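Visitor: Please choose one part of this model and take me through it slowly, explaining each term as it comes up. I would also like to know how that part sits within the whole.

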Amino acid sequence: MKYSIVYSSRTGNTALLARTLRDVLPEENIVSFGAPNEVHTEADMIFAGFWTDRGSCCPEMQEFLRGLEHKTVALFATAGFGEDAAYFERILSNVASLIPKSCKILPGFACQGKMPEAVRSRYEAQLAANPDDQKAAMFLKNFEKALAHPNEDDLKRLKAWAAEITRPDGK
Ligand SMILES: Cc1cc2nc3c(=O)[nH]c(=O)nc-3n(C[C@H](O)[C@H](O)[C@H](O)COP(=O)(O)O)c2cc1C
């Protein structure tokens, strides 16, 4: 099986997941590693990683996924919000719906990823303007929680996921 690890990452969270996958997958099976606009046609199986952009993936990754044919695809993602597994599943299935029917889609992986400080400042300004703004308070709390992610446990779960979906009898 030839693998490609294709990812988009603005601030490094998804890139960390991609590098971790590269470290755990057998080196001889990895035929390409990089951004969606690079060439990944040789692979049978694509690990496609994205940062969550308004509930989906960024336009470059959308275009890449829409163009796939007869590949096995495993999505991995980071998202700023991470309160429940259902949220991650929703994002993964939104993005999976972009992938053409000729492809086989494996169960995906997602974890929380820290957000830039500018986001905190925005929530703080909202709270300063309206101290009763429950939503801004909740977003601020989530921001703080996200700062620790992806953490060691996320990477451990990522590795276990990769081992599971690449098991010869696991697909
Ligand atoms: C423009 C923009 C839109 C975002 N939209 C979402 C979103 O809809 N849901 C979410 O959970 N996180 C959202 N995030 C947070 C990022 O997906 C999250 O911080 C991610 O881990 C960033 O990954 P990266 O470091 O690989 O770029 C958004 C971030 C940006 C900059």
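Guide: Let us begin with the whole: among the contacts in the protein between residues at least 6 apart in sequence, 75% join residues at least 24 apart, where two residues are in contact if their C-beta atoms, placed from the backbone, lie within 7 Å. Please keep in mind that this is a predicted model, in which local features need pLDDT of at least 70 and side-chain atom pairs count only at pLDDT 80 or more, while totals for chains, interfaces and linings use all residues. Residues are numbered from 1 along each chain as its sequence is written.

The secondary structure comes to six helices and five strands; here helices (H or I, at least four residues) and strands (E, at least two) are DSSP runs, numbered from the N terminus. Read from the N terminus on, these elements follow the order β-α-β-β-α-β-α-β-α-α-α. The C-alpha atoms fill a box of roughly 55 × 30 × 25 Å, taken along the principal axes.

The part to look at closely is the sheet. Its five strands form an open sheet in the order 2-1-3-4-5, and the pairing is parallel; two strands pair if DSSP finds at least two bridges between them. Strand 2 (30–34) and strand 5 (104–112) stand at the edges and have a single partner strand each, so one side of each is left without a neighbour in the sheet. On average, and with direction ignored, neighbouring strands of this sheet are turned by 15° against each other. As a general point, strands of a sheet pair through backbone hydrogen bonds, either parallel or antiparallel.

Follow the strands one pair at a time. Strand 1 and strand 2 pair in the parallel sense over four bridges, and in this part of the sheet S4 stands opposite S32 in strand 2. Strand 4 and strand 5 are also paired in the parallel sense, over seven bridges, and the bridge partner of F76 in strand 5 is F109.

Helix 1 packs on the sheet, where it touches strand 1 (3–7), strand 2, strand 3 (45–51) and strand 4, and its direction makes about 155° with that of strand 3. Such axes are lines fitted to C-alpha atoms, for helices over the stretch in contact, and the angles run from 0 to 180 degrees between N-to-C directions.

Strand 1 deserves a longer look. Five of its five residues are buried, so strand 1 is largely enclosed by the rest of the structure; a residue is buried if 20 or more other C-beta atoms lie within 10 Å of its own, exposed if 12 or fewer, and partly exposed in between, with C-beta atoms placed from the backbone. Both faces are covered, since Y3, I5 and Y7 on one side and S4 and V6 on the other are all buried. For the protein as a whole, 34% of the 171 residues count as buried.

Now consider the ligand. Of the 18 residues around the ligand, S9, T14, W51, G80 and G113 come nearest, and a residue is near a molecule or strand if its C-beta atom, placed from the backbone, lies within 6 Å of it. The elements that give two or more residues to this shell are helix 1 (13–24) and strand 4 (72–79), and the largest share, three residues, comes from helix 1.

Finally, some places outside the strands help to complete the picture. R54, in the loop between strand 3 and helix 2 (59–66), has a phi near 50°, a positive value in a residue other than glycine, and R54 counts as exposed because it has 6 C-beta neighbours inside 10 Å. H70, in the loop between helix 2 and strand 4, also has a positive phi of about 50° although it is not a glycine, and with 9 C-beta neighbours inside 10 Å it counts as exposed. H149 lies in the loop between helix 5 and helix 6 and, with 20 C-beta neighbours inside 10 Å, counts as buried. The peptide bond from H149 to P150 is cis, with omega near -5°. H149 and Q112 are 37 residues apart in sequence and 5.7 Å apart in space, C-alpha to C-alpha; leaving aside neighbours within four places in sequence, the residues in contact with H149 include C111, Q112 and G113.
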